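Work through the exercises below with the sequence and coordinates at hand. Each task is followed by a solution in steps.

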Amino acid sequence: MINLQDIEKIYQSDNGTIHALRGVNLSVEQGEIFGIIGTSGAGKSTLVRCINMLESPTKGTVTVDGQELTSLNEQELREQRKKIGMIFQHFNLLSSRTVYQNIAFPLELAKCSKEEIDKEVLHLLELVGLSDKKDQYPAQLSGGQKQRVGIARALANHPKVLLCDEATSALDPQTTKSILELLKDINRKFQLTIVLITHEMQVIKEICNRVAVIEGGKIIEQGRVIDIFTQPQCSTTKEFISSIINHNLPDFFKEISLASDPSADSNLILRLSFIGHSTEEPVISSMIRRFSIDASILYGNIDHIQTIPFGTLIVELSGEQASLQQALSYLKTRELGIEVIGYVARNARAVG
Amino acid sequence: MSQEMLVLLAKSLWETTYMVAVSSLISALIGIPLGIILVTTNRGHILENTPLNQILGAIVNATRSTPFIILMVAIIPVTRLLVGTSIGTNAAIVPLSIAAIPFVARIVESALKEVDYGVIEAAQAMGASPREIITKVLIPESLPAIVLGLTLTIISLIGYSAMAGAIGGGGLGDLAIRYGYQRFRADIMLITVVILIAQVQIVQSTGDYISNRLNKK
């Protein structure tokens, strides 16, 4: 649906040149919700603006729904933009127009008749749940309501793609949730492709199918949300994920001296990560039954990415070294992520 | 006060009103588009054109920095060209308009600059053309500020029109100087000042009222 190829963006300003995007390749499938996450200044705003050519890339091609936008003139581009909806962090509603008139705005631009506009706007008002606010002005609405108007306005021309520029960043967590629900709803109902940029991992976790991590104008990592969450590769990604899932060792491990090799008299500390169905399998208890070892849980965490459960567990296994190694080999045959954190002398541990 | 004086007062009041009304209208008709051009040709704006922007900016500044009484005399040839005479109420309208155009342009410019660029961007994202952005976004969004700016312009023009007497333009200011000051008629002086104050008050209150009604923020 959306294809970005070798996108470069260089700004010339008084204080020199800024290389905002350095060769971005991205492709978004029809009907998916694609997230782009990055810190401020990473280039994500520029990137999303390249998709509807609010920023024209210095180099590279942008293709949306089979139409190469980078080759169009101003007039043709304006026609294409009508098929791409966009919502903004600060809503960007017209303060001099009522809710109704704001939603009617893109339809006026598309030269729709009064009757068509009326029918469409009333329908959209109902969709976003603001039918009773139609004659109010934006100043009389709350942030969440304003964003709902923004969404209705963006949908007015039946776009194929909806771009969300930090659409929930100015909202409180409760409102964020309801706006995300609405977006998910729209995505399902109209098979609408959504691209959203954010700096909040929570948003990605809540509704995205796939995610790209952008840093310094480059996509450093991309993939299915569940994969990125459970096996982040880059340190920036890990940092984002740690904002909602703790991948670091709990602090008390810092006080323990860990060895990387086993000795006769040491316990094994493991981190197990579960995804999807493996969370339902009683791995720990069957391990304990099979091998004569003990397991104590040091840290645990189970969460859901949309409907897929996943979790991490840090366990300390104690017993004969040979049994420990057998247990480890057994665990490796299961559908789990396993990481040996280290070995700790049995008497060196104050905990457990 | 004599009948004759009252007639004179009425005539002067009419002259002032006429001069101010016509020159306000002309300066709005030219100054508003000029202000729009000043904003939209700015760097990074919808019709970016730096040379045009700088030239217009320089002209506006030059006109604004010329004292009105000097401007009025300096442009007499232009006035003669436009209205056929350099004396009288109609002749006074030319310098009044020329002085007010850059004033309106700057006021409109600053009003339009207050429109959040995000709103313009949103309109662009919806496929609005520069013309549609100007007529459907910039002007409606800044209308309350533009109205206040025009109110200020009218009030300034009431002040400037008092100097129109220097080229025989008549009006209340002229009456105050010729009768109130030069003929020591304190009563005339007083009454013209009171009328001028009342005029300014009425204009300001009307402007405030309209602007408030338009403001939905």
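**Exercise 1. Describe the contact between chain B and chain A.**

Step 1. Count the residues: 18 residues of chain B are in contact with 18 residues of chain A, where contact means that the C-beta atoms, placed from the backbone, lie within 7 Å.
Step 2. Assign them to elements. Helix 6 (117-125) and helix 7 (130-161) of chain B each supply at least two residues of the side that touches chain A. Helices (H or I, at least four residues) and strands (E, at least two) are DSSP runs, numbered from the N terminus.
Step 3. Find the largest share: helix 6 of chain B provides it, with 6 residues.
Step 4. Sort by class. This side of chain B has 8 nonpolar, 4 polar and 6 charged residues. Ala, Val, Leu, Ile, Met, Phe, Trp, Tyr, Cys and Pro count as nonpolar, Asp, Glu, Lys and Arg as charged, and the others, Gly among them, as polar.

The model is predicted: local features need pLDDT of at least 70, side-chain atom pairs count only at pLDDT 80 or more, and totals for chains, interfaces and linings use all residues. Residues are numbered from 1 along each chain as its sequence is written, while chains are lettered from A and ligands numbered from 1 in the order in which they are written.

**Exercise 2. Check the length of helix 1 of chain B and locate its bend.**

Step 1. Helix 1 (residues 3-40) of chain B has 38 residues, so at 1.5 Å a residue it should span 56 Å; the expected span is 1.5 Å times one less than the number of residues.
Step 2. The end C-alpha atoms of helix 1 of chain B are 55 Å apart, which agrees.
Step 3. Helix 1 of chain B bends by about 25° at A28(B). The bend is the angle between axes fitted to the seven residues ending at a residue and the seven starting there.

**Exercise 3. Relate the two domains of chain A.**

Step 1. The assignment gives domain 1 (2-241) and domain 2 (251-348) of chain A; such bounds come from an automatic or database domain assignment.
Step 2. The C-alpha centres of domain 1 and domain 2 of chain A lie 42 Å apart.
Step 3. In chain A, 5 residues of domain 1 are in contact with 6 residues of domain 2.
Step 4. On the side of domain 1 that touches domain 2, helix 8 (residues 225-230) of chain A gives the most, with 4 residues.

**Exercise 4. Lay out the sheet of chain A with order 12-13-11-14.**

Step 1. These 4 strands form an open sheet with antiparallel pairing; two strands pair if DSSP finds at least two bridges between them.
Step 2. Strand 12 (293-305) and strand 14 (337-345) of chain A are the edge strands, each pairing on one side only.
Step 3. The twist averages 15° from one strand to the next.
Step 4. Strand 12 and strand 13 (residues 308-319) of chain A run antiparallel and are joined by 12 bridges. S296(A) has E316(A), in strand 13 of chain A, as its bridge partner.
Step 5. Helix 11 (residues 321-333) of chain A packs on the sheet, touching strand 11 (266-275), strand 12, strand 13 and strand 14 of chain A. The direction of helix 11 makes about 165° with that of strand 13 of chain A. Axes are lines fitted to C-alpha atoms, for helices over the stretch in contact, and angles run from 0 to 180 degrees between N-to-C directions.

Definitions and conventions: Contact = placed C-beta atoms within 7 Å.
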